[in-house]
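Visitor: Hello! Could you take me on a close look at one part of this structure, the barrel and what fills it? I am in my first year, so please go step by step.

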Amino acid sequence: MVPCELPAFQVIAHVRSPYVQRIDAPHQPTVTVGTESGRAEIATIEFVEGFPQAAFRDLQGFDRIWLIFLFHRSEGWKPEVRPPRGGGKRSVLATRSPHRPNALGLSAVKLLAVEPNALTVQGIDLLDGTPILDIKPYVPYTDSFPEASAGWIDALDAQHGLHSAPGPRKPRR
């Protein structure tokens, strides 16, 4: 392998979310069963001071956006994790675990409003204060692959029913 120099990343925004603890947030933006409200919550993406509005103003009119973020509370990683559905351990790169080799996350949310220094979104699964590294528009004709297979998740769906994802776990005592 040829060594390469990685670019330095800059935080461009932070999430203002009703979810303060990991136990409060849904596992995925569309899986809200088991959360306190049971619905897709509204949040704000607040840009850092001085971030130019010209960089995000044309998001107006997009129904959804991708948030690329840091799992800022991740405490390291292991090659295998135990996902909320899936029985035993799974390869970390075959899951959406926050405990990854590089603590990067990707979430598609509904864009409700573009404001001078912020975006209002719905269907957030991120904790309050989560650093946002980048935002990209969701483009249905390139970002949606409804016929795509989902490996071990398809096998679980066949066994337990389609989209049988659990909601957040209850706090451990």
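Guide: Happy to help: we will start with the whole chain, go on to the barrel and its core, and then visit the aromatic rings and two loops.

Please keep in mind that this is a predicted model. The chain has two helices and eight strands. Following the sequence from start to end, you meet the pattern β-β-β-β-β-β-β-β-α-α. Of the 173 residues in the chain, 31% are buried. Another way to look at the fold is through its contacts: among those with a separation of 6 or more, 78% are between residues 24 or more positions apart.

Now to the barrel itself. Six strands form a closed barrel in the order β1-β2-β7-β6-β3-β8, and their pairing is antiparallel. On average, neighbouring strands of this sheet are turned by 45° against each other, direction ignored. Let us pick out one pair of neighbours: β2 and β7 run antiparallel and are joined by five bridges. If you want a spot to find on screen, try Ile42, which stands opposite Gln122 in β7.

Next comes the nonpolar core. The largest one has 22 residues, and the members that touch the most others are Ile45, Leu119, Ile124, Ile132 and Ile135. Strands that each supply at least two residues of this core are β1 (13–16), β2 (42–47), β3 (64–70), β6 (104–114), β7 (118–122) and β8 (131–137). Ile132 is a good residue to zoom in on. Setting aside neighbours within four places in sequence, Ile132 is in contact with Gln10, Val11, Ile12, Ala13, Val15, Ile45, Leu67, Ile68, Phe69 and Leu126.

Phe69, one of those contacts of Ile132, leads us to the aromatic rings. A pair of rings is described by the distance of the centres and the angle of the planes. The count here comes to five aromatic pairs. In one of them, Phe47 and Phe56 are stacked, with 4.0 Å centre to centre and 10° between the planes. Phe47 and Phe56 are both buried. The pair of Phe69 and Phe71 is edge-to-face, because the planes of the rings stand at 75°, with the centres 4.9 Å apart. Phe69 has 3% relative accessibility, so it counts as buried, while Phe71, at 21%, counts as partly exposed. Ring pairs also link Phe47, Phe51 and Phe56 into a cluster.

Finally, let us visit two loops. Asp125 sits in the loop between β7 and β8. Asp125 is buried, because its relative accessible area is 14% and the cut-off is under 20%. The side chain of Asp125 makes a polar contact of 2.7 Å with the side chain of Ser107.

The other stop is Thr95, in the loop between β5 (90–91) and β6. With a relative accessible area of 10%, Thr95 is buried too. The side chain of Thr95 reaches the backbone nitrogen of Ser97 at 3.2 Å. Not counting residues up to four places away in sequence, Thr95 touches Val81, Pro83, Arg90, Arg100 and Trp152. Thr95 and Ile153 are 58 residues apart along the chain, yet their C-alpha atoms are separated by 9.4 Å.

Note on methods. Residues numbered from 1 in each chain as written. Predicted model: local features only at pLDDT ≥ 70, side-chain atom pairs only at ≥ 80, totals over all residues. Heavy atoms only, no water. Phe/Tyr/Trp six-rings, centres within 6.5 Å; stacked < 30°, edge-to-face > 60°. Buried < 20%, exposed > 50% of the residue type's maximum accessible area, 1.4 Å probe, protein only. Core = buried A, V, L, I, M, F, W, Y, C linked by side-chain atoms within 4.5 Å. Helix = DSSP H or I, 4+ residues; strand = E, 2+ residues; numbered from the N terminus. Contact = heavy atoms within 4.5 Å. Polar contact = N/O pair within 3.5 Å; in protein donor to acceptor, adjacent residues only side chain to side chain. Pairing = 2+ DSSP bridges. Axes fitted to C-alpha atoms, helices over the stretch in contact; angles between N-to-C directions.
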